[in-house]
Amino acid sequence: MQKKIILVTPPFVQLSSPYPASAFLKGALKQENFIVQQYDFSISTALTLFSRNGLCKLFDEIERQSANGALTNSELLAAFITKKEQYISTIEPVILFLQGKYPQLAQKILSRTYLPEGPRFDELKNSKHKNGSTETAIHFASLYIDDLTDLCSHTVLPHFGLSSYAASIAQSNDLTFDDIEAFLKNDDLLTDWLADSIKKLNLEDCLFVGISIPFPGNFCMAVKIAQILKNNKSDIKVVLGGGFINTGFRNIKEKKLFDYADFIVLDDGELPLIKLAEYLNGKCEKSSLVRTFFCDGEKICYSGNEAQNYKKQFIPDYDDLPLDSYFTLRESTNSMHSLWSQRIYLKLRMAHGCYHHKCTFCDTSLDYIATYKAEDGAFLADAAEKLIAQTGIRSFHFIDEAMPPAVIKTFCIEILKRGLDIIWWGNIRFDSAFDSDLPYLMSRAGCIAVTGGMESGCNRILSLMNKKTTVETIIRVSKKFAQSNILVHGYLIYGFPGEKPEEIAETLEVVRQMFLEKILHSVFFHKFTLTVHSEIFLNPHNFSITEINRNQKKLTDYDISCKESIPSTKLNKIGEILNTAVYNFNLRNCLEIPAVQWMKTPCKIKPHFVKSVLDNIEKIDLGKKCYWLGTEPVFSDGILYFAGKYGDISYELPKTLANWVCRLLKESSPKTERKSSNGKKSYQPLKYWLNSLPDTVFENKECFFDNELWNDLRKAGLILL
């Protein structure tokens, strides 16, 4: 009998959609004829807590520890205890509502009398809400869940968060395995429930259990799962992998971890797990293992075979995940922010790695960034169609480091060609390729939002980062997306080596002005972190770094500290100011306050800098190819009819011109099967069409671009790429 492989996601990751690791791995492993089962203990453990029985046990434990003096009693805690029955009686209907299974509950929630309200509801005092909207009801229900989360973390579950558990332990600057073992000895309600779930697994005929650890907030619980598995079945093989392992455990020296895991794999897990399965089935030697750590007696060994990778295309498989159990949280009224916690977006990927992979602060020496391999647009459309058929879900989140413009273009054309109705979003670079009609094409193909690394509003810093873009390009690209009704979120870094306070102020001022122009919808500032896999670490002298503090005793080897150009106390204060400013900007508050008032430091950015960049007139590029995204044109009784995004348009035209327009639009439509010699759909550049424009219509062919017909065609969906 063929043995099965079990893949596990540990608590806690986002609760709105399944984390993609197990689905991607299952897709590849099934393709190789392995039997694979996947379990998401993140959502199952959360739903156990947020249930009638779970809250009964939570309040019982709080009251028990309060009576024993283990908890400090307070008015706040007393208020929660007083509302205990309200929380217990409402929790399951609220979860059903957030899962989309009980939409009628919205009216009760909006009454403000149904839900018990704790401190999180205080933010509503100065907030504006759309009265009666489902989004408002979801926001209220999310505040209710946040109140319960705060109750947990402030009482009997101090490590609990909605998307992490014990992250502070794993992220400690001097983390050792003694800290992990101390955690393992102290069980709580969540670890007890997790143990109950694991005991229900059928571990018979199991080749190995693979546990993905994407973030520090999963590490402690992942080791806990390994411990429980070993306690239940001592001969079970446990494999650890995932993003946190890939970045932090490449030089592992702590043998104690192998008391809980038999193997640790790095980078893409497809081939390492396939080779491991072959080894455990007796089909190859240990020397054939790929990017895998294991112990041989007292020695930690590593089988690299680094050049080997899984080269076949595959589609993620969500088949046995409880897709109807994930739930939406709307903890901010910002529309962009809600996407991260809105159920449910299945994960896809346009490319492995980053097509730029040169940013100096990034993990450019690691495979997940450095090895770039793009997918084909038709394959991605096939994947979307297959997942829709499998799950009924039409919403997708592309998890790329940066979606490549060339792949985006072919994917969008394929979606339009097939008439496939989907919604999707993903991460981009603020690349000059998007300073075109590409965002409009994306919007027509279902894109609703993009996120991307703006990083800085200062060109000097962008140059040091080797972003290969400029502030001006970032502004123009953001405008293109916003004009196409695509939400834009920007990631920013402060405290970059050599950065001055006035340059941080420049960034904040550019951000403020972009919000004012409504071309930016949300942002987030990250404090610069030096990682061992970055260009900055490898060549610190190029970035004026004179001192690096590396803790050799630390369990992980990733984030390290360095001497900062701005004193850390001042930098922390700057961080507080930035967070306060963008919190308000994200809610479209305080946009009239310039950066100099926030930062109390000079700023060279002029008050209308962003507007001046946007006012530059875009030139028509005759070399770009024409694509028509509107309906098929009709010419009847001297009238040309065509419909685009903004309604029906009709023109009384000479027959020669009307025929030319019809030919242009039909041959430029993705839905028209007109293929070139290489078998692909051919599109002609604007210059070709201009040359074929009838001579008798305009005095000069260039005059066509000043004509109302050209402007209406552009508005209706004639794009240039």
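Me: Would you call D146 buried or exposed, and what makes you say that?
Reply: Buried. This is a predicted model, and in it D146 has a relative accessible area of 3%. Buried means under 20%, so D146 gets the label.

Me: And R120: what makes it count as buried, exposed or partly exposed?
Reply: Its relative accessible area is 32%. Exposed would need over 50%, and buried would need under 20%, so R120 lands in between, as partly exposed.

Me: What do R120 and D146 form with each other, and how do you know?
Reply: A salt bridge. The closest N and O atoms of R120 and D146 are 3.6 Å apart, and the cut-off is 4 Å, so the pair passes.

Me: What does that pair tie together?
Reply: R120 sits in the loop between helix 6 (105–110) and helix 7 (134–153), whereas D146 is in helix 7 itself. The bridge therefore links parts that are 26 residues apart in sequence.

Me: How many salt bridges are there, and which others can I look up?
Reply: The count is 30. Among them, D235 pairs with K233 at 3.0 Å between the closest N and O atoms. R429 and D431 also meet, with 3.6 Å from N to O, and both of those residues are buried. There is a network as well, made up of D382, E385, E414 and R418.

Me: How many disulfides are there?
Reply: Zero. A disulfide is a covalent bond between the sulfur atoms of two cysteines. To be counted here, the two sulfurs must be within 2.5 Å. Take C362: the nearest cysteine sulfur, in C359, is 6.1 Å away, and C362 is in no disulfide.

Me: Why does C626 have no bond to C662?
Reply: Distance. The C662 sulfur is the closest cysteine sulfur to that of C626, yet it is 15 Å off, too far for a bond. C626 has a relative accessible area of 1%, so it is buried.

Me: Where would I find the largest nonpolar core's best-connected residues?
Reply: Look at W424 and M442, which have the most contacts inside that core of 218 residues. Helix 7 contributes the most to it, with ten residues. Leaving out residues up to four places away in sequence, M442 touches I408, C412, W424, F434, C447, V450, F481 and I486. In soluble globular proteins, nonpolar side chains tend to be buried together. A second, separate core has 27 residues, including L686, W689, F704 and L720.

Me: What about N579: where is it, and how far from M442?
Reply: N579 belongs to helix 23 (residues 568–586). Its C-alpha is 31 Å from that of M442, with their positions 137 residues apart along the chain. N579 has 36% relative accessibility, so it is partly exposed.

Me: What makes the chain as compact as a globular protein of its length?
Reply: Its radius of gyration is 28 Å, close to the 27 Å that the globule rule gives for 721 residues, so the label fits. The C-alpha atoms fill a box of roughly 90 × 65 × 60 Å, and the chain has 28 helices and 25 strands.

Me: How much of the chain is buried, and how much surface does it expose?
Reply: Buried residues make up 56% of the 721. The chain exposes about 31500 Å², with carbon and sulfur atoms supplying 48% of that. As for contacts with a separation of 6 or more, 74% are between residues 24 or more positions apart.

Definitions and conventions:
Residues numbered from 1 in each chain as written. Predicted model: local features only at pLDDT ≥ 70, side-chain atom pairs only at ≥ 80, totals over all residues. Heavy atoms only, no water. Buried < 20%, exposed > 50% of the residue type's maximum accessible area, 1.4 Å probe, protein only. Salt bridge = Lys/Arg side-chain N within 4 Å of Asp/Glu carboxyl O. Helix = DSSP H or I, 4+ residues; strand = E, 2+ residues; numbered from the N terminus. Core = buried A, V, L, I, M, F, W, Y, C linked by side-chain atoms within 4.5 Å. Contact = heavy atoms within 4.5 Å. Rg over C-alpha atoms; globule rule 2.2 N^0.38 Å. Areas by Shrake-Rupley, 256 points an atom, 1.4 Å probe, with all protein chains shown as cover.
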